[in-house]
Amino acid sequence: MKYKRILLKLSGEALMGSRQYGIDPERLSEYAEDIKSITDKGVEVAIVIGGGNIFRGVAGASNGMDRVQGDHMGMLATIINGLALQSALEDAGIPTRLQSAIKINEVAEPFIRRKALRHLEKGRVVIFGGGTGNPYFTTDSAAVLRAIEIEADVILKGTRVDGIYNTDPEKDTSAIKFDDITFEDVLRKGLKVMDTTAFTLSQENELPIIVFDMNKKGNLLKVVSGENIGTKVKL
Ligand code: UDP
């Protein structure tokens, strides 16, 4: 395997499958199987899960809700998703711990870096819920932050598109995909990979990001074994 320790970022929307809202149990169990295919090979896996399938603070604010209140709801949404993912992973036979950035002790362990590292070393998948624990941030920022903290080799951003294109491939059929691209070029061309806060944190810490299609079975294993699918953002 090319990567020994990875941070997988899954958006909340990814868990919806073909639904308009919430969680699709079939999609969850497909993800669990894919994740098992890499833990079986000894890869250490940490996951940051989003909450957009349930609530986003920005959406609340655009409807007149207090932004911080909405962000708290968003963070709780990520914990709901984390619990669902934990169940799916355990059903697939993978030992898993959910660590939360906000205190919710009856439900999830608090985030403790040393404990997270110990879990990873023991072959447990660690899910980080609650984002960064702060309003005005996103789970992409949480993904980069946790990846740096646990010294992950790479961030794998599982999406429904198979990489980074020069224009939106869902709207423009002539869009061209990059196999790899530098951080600077992403910023210069104004391409959307992650929000700017998350993206620059990754750049400053020289942490590569691979964007790939997580909805295609087997892709996760291919990426982790170093196959050239998706787009790699590097220095
Ligand atoms: N959120 C937050 N702080 C964080 C991470 C997330 O306040 O560190 C809130 C924010 O309201 C966000 C919501 O949780 O809109 C869900 O996270 P995100 O939008 O990143 O989820 P995704 O788009 O990955 O599903």
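This tour moves through a predicted model, from two enclosed strands to the ligand, a loop and a pocket.

**Stop 1: strand β6**

Select residues 154-159, which form strand β6. Of its 6 residues, 6 are buried, so the rest of the structure largely encloses β6. In a regular strand, side chains alternate between the two faces of the sheet. To follow this in the viewer, colour Val-154, Leu-156 and Gly-158 for one side of β6, and Ile-155, Lys-157 and Thr-159 for the other; both sides are covered.

Next, add the strands that pair with β6. Strand β1, residues 5-10, runs parallel to β6 and is joined to it by 5 bridges. Display Ile-6 to find the residue opposite Val-154 of β6. Strand β8, residues 209-213, also pairs with β6 in the parallel sense, over 5 bridges. Here Asp-213 in β8 is the bridge partner of Thr-159.

**Stop 2: strand β5**

Turn now to β5, residues 125-129. Is this strand enclosed or open to the outside? Its residues are buried in 5 of 5 cases, so β5 is largely enclosed by the rest of the structure. Val-125, Ile-127 and Gly-129 point one way, while Val-126 and Phe-128 point the other way.

Add strand β2, residues 44-49, which pairs with β5 in the parallel sense over 3 bridges. Selecting Ala-46 leads to Val-126, its bridge partner in β5. Then add strand β3, residues 96-100, which runs parallel to β5 and is joined to it by 5 bridges. In that pairing, Thr-96 has Val-125 of β5 as its bridge partner.

**Stop 3: the loop between β5 and α5**

From β5, continue into the loop that leads to α5, residues 139-149. Thr-132 lies in this loop and is buried, with a relative accessible area of 15%. Show its side chain: one of its polar atoms lies 3.2 Å from the backbone nitrogen of Asn-134.

Further along the loop, select Tyr-136. Tyr-136 is exposed, with a relative accessible area of 53%. Its phi is near 70°, a positive value in a residue other than glycine.

For another positive phi, move to the loop between α5 and β6 and select Glu-151. Its phi is about 55°, although Glu-151 is not a glycine. Glu-151 is exposed, with a relative accessible area of 56%.

**Stop 4: the ligand**

Select the ligand and the residues around it. There are 21 of these, and Arg-56, Asp-71, Thr-132, Asn-134 and Thr-139 come nearest. Which atoms should be inspected at Arg-56? An N or O atom in its side chain is 2.5 Å from an oxygen atom of the ligand.

Two backbone contacts complete this stop. At Gly-74, a polar backbone atom is 3.4 Å from an oxygen atom of the ligand. At Phe-137, a polar backbone atom is 3.2 Å from a nitrogen atom of the ligand.

**Stop 5: the second largest pocket**

Finish at the second largest pocket, whose volume is about 160 Å³. It is lined by 13 residues, of which Lys-2, Ile-210, Glu-227, Asn-228 and Lys-232 are the closest to its centre. Which strand gives the most to the lining? Strand β9, residues 231-234, does so, with 3 residues. Coloured by class, the lining shows 4 nonpolar, 3 polar and 6 charged residues.

Technical notes. Residues are numbered from 1 along each chain as its sequence is written. This is a predicted model: local features need pLDDT of at least 70, side-chain atom pairs count only at pLDDT 80 or more; totals for chains, interfaces and linings use all residues. Side-chain values use heavy atoms; hydrogens and water are left out. On a 1 Å grid over the protein atoms alone, a cavity is a set of points where a 1.4 Å probe fits but cannot get out, and a pocket is an open set with protein on both sides within 12 Å along at least five of seven lines; lining residues have an atom within 4 Å of a point. Grid points are joined across faces, edges and corners, and a volume is the space filled by probe spheres set on the points. Helices (H or I, at least four residues) and strands (E, at least two) are DSSP runs, numbered from the N terminus. Ala, Val, Leu, Ile, Met, Phe, Trp, Tyr, Cys and Pro count as nonpolar, Asp, Glu, Lys and Arg as charged, and the others, Gly among them, as polar. Buried means under 20% relative accessible area, exposed over 50%, partly exposed in between (1.4 Å probe, protein chains only). Two strands pair if DSSP finds at least two bridges between them. A residue is near a molecule or strand if one of its heavy atoms lies within 4 Å of it. A polar contact is a pair of N or O atoms within 3.5 Å; within protein, one must be able to donate a hydrogen and the other to accept it, and residues adjacent in sequence count only if both atoms are side-chain atoms.
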